[in-house]
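Subject: Handing over a structure

Dear colleague,

I am passing this structure on to you, with the sequence and the coordinates together below. My notes on what was found follow directly after.

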Amino acid sequence: MKKIQMVDLQGQYAKIKDTVNDSIAQVLNTSAYINGPLVHEFQADLEKYLAVKHVIPCANGTDALQIAMMGLGLEQGDEVITVDFTFAATVEVIALLKLTPVLVDVDPKTFNIDLNALKKAITPKTKAIVPVHLFGQVANMEAIMEIAKVHDLYVIEDNAQAIGANYTFKDGRKQKAGTIGHVGTTSFFPSKNLGCYGDGGAIFTNDDTLANTLRGIVNHGMYTRYYHDVVGVNSRLDSIQAGVLKAKLPKLDAYCDSRRDAARFYNKAFENNPKIVTPTTQSNNTSNCEQLCDSCDCHVFHQYTLQIKTGKRDALHNHLLENGIPNAIYYPVPLHAQKAYKDSRYKEDDFKITNQLIEEVISLPMHTELDTEQLEFITKTILEFVG
Ligand SMILES: *Cc1c(COP(=O)(O)O)cnc(C)c1O
């Protein structure tokens, strides 16, 4: 059996080596390292793939969030609601911009923002909501957009984990994750579903005015060369990374399918074990496709995350490591309990689900190169241990 990896970037590269190498060579041969043609070509390809008017490439997914918030003109003291159960980047940029983060609990099934907690958290100071499409599943965007409309709030989708996922509206219409809110952001960190070979990120919007503002902010606040109209940053996707991404984008749908195939294998193996809860796939609040049907496209499985109901999650984590099966706890500490983001306003009672999830979740190897032999070994080892 091939050595099992959490993410197999080597195996994936081996299959696309020629295309990627050609792309990189094109940059090296022209020395157009910054803002070269490949950056613009990738931008146009991604706009087409996402069916969004504007993609603004930038240096990483954290910058993308920060620039989106700057572009919306959020100011010191404005409250921004996001989830307690996510990677810290989301809350980090809110704090960095001196906005006020308001953390809310998540839904126990989808791990995405809890709509009741969201509604409860809205105050006259609230200016924006940042739903995070956690582990690759789109949050309930239709409901979120309705809430935002009623309260006149911006929606910034943190789509670092769900690029390629589709959201299905109640009327059957589909839209790509990250293109539904006023602005969406993503990360091309190597292990993300569309990863480059370094750092990269992008911002998406259908709003022409906002897109123009964002293009200036990423480039030192310049709209005309050496005229700085607003305070900006320097955040660029370099041409080599754009070349890698241009070569990989045509594979994204196939990559999402491979991840879903692995997820189906896992789901099937664990379906009759009451101590193991498999991920719920919910395309929106009206249609639950909990069984991850063949046409399911609302989840792209950036992570495949189980909940272990025996109280022995940590023991399982160690047992798997001892058996050569990498696995991870995303996330071990909720944001409200992190030293940097502690706040006397937070009450433990408001984070019941997150507090429970951090004790129960475990993410299994998930990537595009998993084979049946590996999946059988992983599931067998888990079932034998859990009993
Ligand atoms: C990875 C990630 C980010 C940050 O992306 P970087 O490119 O690493 O800066 C932000 N939000 C979420 C949810 C992520 O998973």
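In the side chain of Thr62, an N or O atom lies 2.5 Å from an oxygen atom of the ligand, which fits the rule for a polar contact, namely a pair of N or O atoms within 3.5 Å. Please keep in mind that this is a predicted model, in which local features need pLDDT of at least 70 and side-chain atom pairs count only at pLDDT 80 or more, while totals for chains, interfaces and linings use all residues. Residues are numbered from 1 along each chain as its sequence is written, and side-chain values use heavy atoms, with hydrogens and water left out.

Two other side chains reach oxygen atoms of the ligand: a polar atom of Gln161 at 2.8 Å, and an N or O atom of Lys192 at 3.0 Å. Of the 380 Å² of accessible area that the ligand has on its own, the protein covers 91% (Shrake-Rupley method, 1.4 Å probe). Around the ligand there are 13 residues, of which Gly61, Thr62, Asp158, Ser187 and Lys192 come nearest (a residue is near if one of its heavy atoms lies within 4 Å).

Turning to the aromatic rings, the count comes to 13 aromatic pairs, where rings of Phe, Tyr and Trp (its six-membered ring) pair if their centres lie within 6.5 Å, and planes under 30 degrees apart count as stacked, over 60 as edge-to-face and the rest as tilted. One of them is Phe85 with Tyr331, an edge-to-face pair with 6.0 Å centre to centre and 80 degrees between the planes. Because Phe85 lies in the loop between strand E2 (79-83) and helix H4 (89-96), and Tyr331 in the loop between helix H10 (313-322) and helix H11 (352-360), the pair ties together parts that are 246 residues apart in sequence (helices, H or I, of at least four residues and strands, E, of at least two are DSSP runs, numbered from the N terminus). Tyr331 is also joined to Tyr330 by a cis peptide bond, with omega about 5 degrees.

With best regards

Conventions:
A polar contact is a pair of N or O atoms within 3.5 Å; within protein, one must be able to donate a hydrogen and the other to accept it, and residues adjacent in sequence count only if both atoms are side-chain atoms.
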